[in-house]
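Please look through the chain shown here, and then follow the paragraphs below, which move from the whole fold to single residues.

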Amino acid sequence: MEQTLSRAEFESLLETRHPNSKEIKLINQFKPYGLDPWEPSELMRFCLIASNNLIHGSGQAWDENALNTMVASYPGCPLMIDHQWEDQTKTFGMVYDALIYSLPRVSKEGIAKILEKSPNPREDSRIIQKNGYHQVLVFGFVEATHSIISEISYGRKTNISMGGIFYGESICPICDVPYSDPKCPHYPPYMAGLVDEEYLTTYYRRSGKMDSIECSFVASGNCRQARLVDSRQNTFVFS
């Protein structure tokens, strides 16, 4: 469902703070059955840029279907450290909400800001100009006394990487069909060294269902713009 928010309302969503009355209602849906509701003063909530439709370090870019299913499956997923799925002690909080923030058009200043960390700024610029800019925002919570709050507050935890299971196929950005289609003569970039270089595309698009499993703090993520929103609003743009 599309929502229109004012600049002030959206800036409030980006903040690291205690949850407001509306947010605590969402968060309390995830409390263990039978326990008293959590109070806002017990918790801290924060906003994470988890992913977007641009080219990641691996050479992939999510399409609209993948981003939509990513968002739909995120609430209730754990927040953790370094994608260590096999180690429950690495979890510290939970995702209570997620959304796609879309800009059909982006200003020159906004594009420059977004592309500061892009591994392929020329192609990313083309993606933004053709399809707009779509970023996944994840909202998490943790108890206010948890040590991760100190890590976040003093900049020791910033970069983000989403973890999940993808069900779909790889799409050629030139032919706009799966690479498996006989009409497509191209190969994705991860085939380098196995096929003639002239048939490689500079990136590949992933289309299908993304089943979100968790969201992790990492040293360096695959999506270069994915991180906690800080006071500079870093890779987040409003226009």
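In this predicted model, residues 24 or more positions apart account for 76% of those contacts in the chain that have a separation of 6 or more. The chain holds 239 residues, and a compact globule of that length would have a radius of gyration near 18 Å, so the 19 Å of this chain agrees with that expectation. Along its principal axes, the C-alpha trace spans about 60 × 40 × 35 Å. Of the 239 residues, 46% count as buried, while the chain as a whole exposes about 12700 Å², of which carbon and sulfur atoms supply 50%. As for charge, the chain carries 23 positive and 29 negative charges, and the mean positions of these two sets are 5 Å apart.

The secondary structure comes to 6 helices and 8 strands, and when it is read from the N terminus on, the order of the elements is α-α-β-β-α-β-β-α-α-β-α-β-β-β. A useful place to begin among these elements is strand β5, which covers residues 133–143 and is mostly covered itself, with 9 of its 11 residues buried.

Which strands pair with β5? Strand β1, made of residues 43–52, runs antiparallel to β5 and is joined to it by 9 bridges, and strand β4, made of residues 91–103, also pairs with β5 in the antiparallel sense, over 9 bridges. Single residue pairs help to locate these pairings in the model: Met44 stands opposite Val142 in β5, Ile49 has Leu137 of β5 as its bridge partner, and Ile100 stands opposite Val136 in β5.

Strand β1 is mostly covered as well, since 10 of its 10 residues are buried. Besides its pairing with β5, β1 pairs in the antiparallel sense with strand β8, which consists of residues 227–228, over 2 bridges. Here Ile49 appears again, because its bridge partner in β8 is Arg227. When looking along such strands, it may help to recall that in a regular strand the side chains alternate between the two faces of the sheet.

Helix α5 comes before β5 in the sequence and spans residues 121–131, where Glu123, Asp124, Ser125, Ile127 and Ile128 are buried. The cover over these buried residues includes α4, at residues 108–114, and β5. After α5 comes Gly132, whose phi is positive, near 85°.

One residue of this helix, Glu123, can be followed further. Is Glu123 buried or exposed? Its relative accessible area is 16%, and because residues under 20% are classed as buried, Glu123 is buried. Leaving aside its neighbours within four places in sequence, Glu123 is in contact with Ile55, Thr202 and Tyr203.

Helix α4, one of the elements covering α5, contains Gly110, which counts as buried at 4% relative accessibility. Gly110 and Val237 are 127 residues apart in sequence, yet their C-alpha atoms are 5.8 Å apart in space. When residues up to four places away in sequence are not counted, Gly110 touches Val237 and Ser239.

Ser21, by contrast, is exposed, with a relative accessible area of 57%, and its place is in helix α2, which spans residues 21–28. The C-alpha atoms of Ser21 and Glu39 are separated by 9.5 Å, and the two residues are 18 residues apart along the chain.

Finally, the loops contain two residues whose backbone deserves a look. His83 lies in the loop between β3, at residues 78–81, and β4, and its phi is near 55°, a positive value in a residue other than glycine. With a relative accessible area of 28%, His83 is partly exposed. Asp176 has its place in the loop between β6, at residues 160–171, and β7, at residues 204–217, and phi of Asp176 is near 60°, again a positive value in a residue other than glycine.

How values were computed
Residues numbered from 1 in each chain as written. Predicted model: local features only at pLDDT ≥ 70, side-chain atom pairs only at ≥ 80, totals over all residues. Heavy atoms only, no water. Helix = DSSP H or I, 4+ residues; strand = E, 2+ residues; numbered from the N terminus. Rg over C-alpha atoms; globule rule 2.2 N^0.38 Å. Buried < 20%, exposed > 50% of the residue type's maximum accessible area, 1.4 Å probe, protein only. Contact = heavy atoms within 4.5 Å. Areas by Shrake-Rupley, 256 points an atom, 1.4 Å probe, with all protein chains shown as cover. Lys, Arg positive; Asp, Glu negative; His and termini not counted. Charge placed at Lys NZ, Arg CZ, Asp CG, Glu CD. Pairing = 2+ DSSP bridges.
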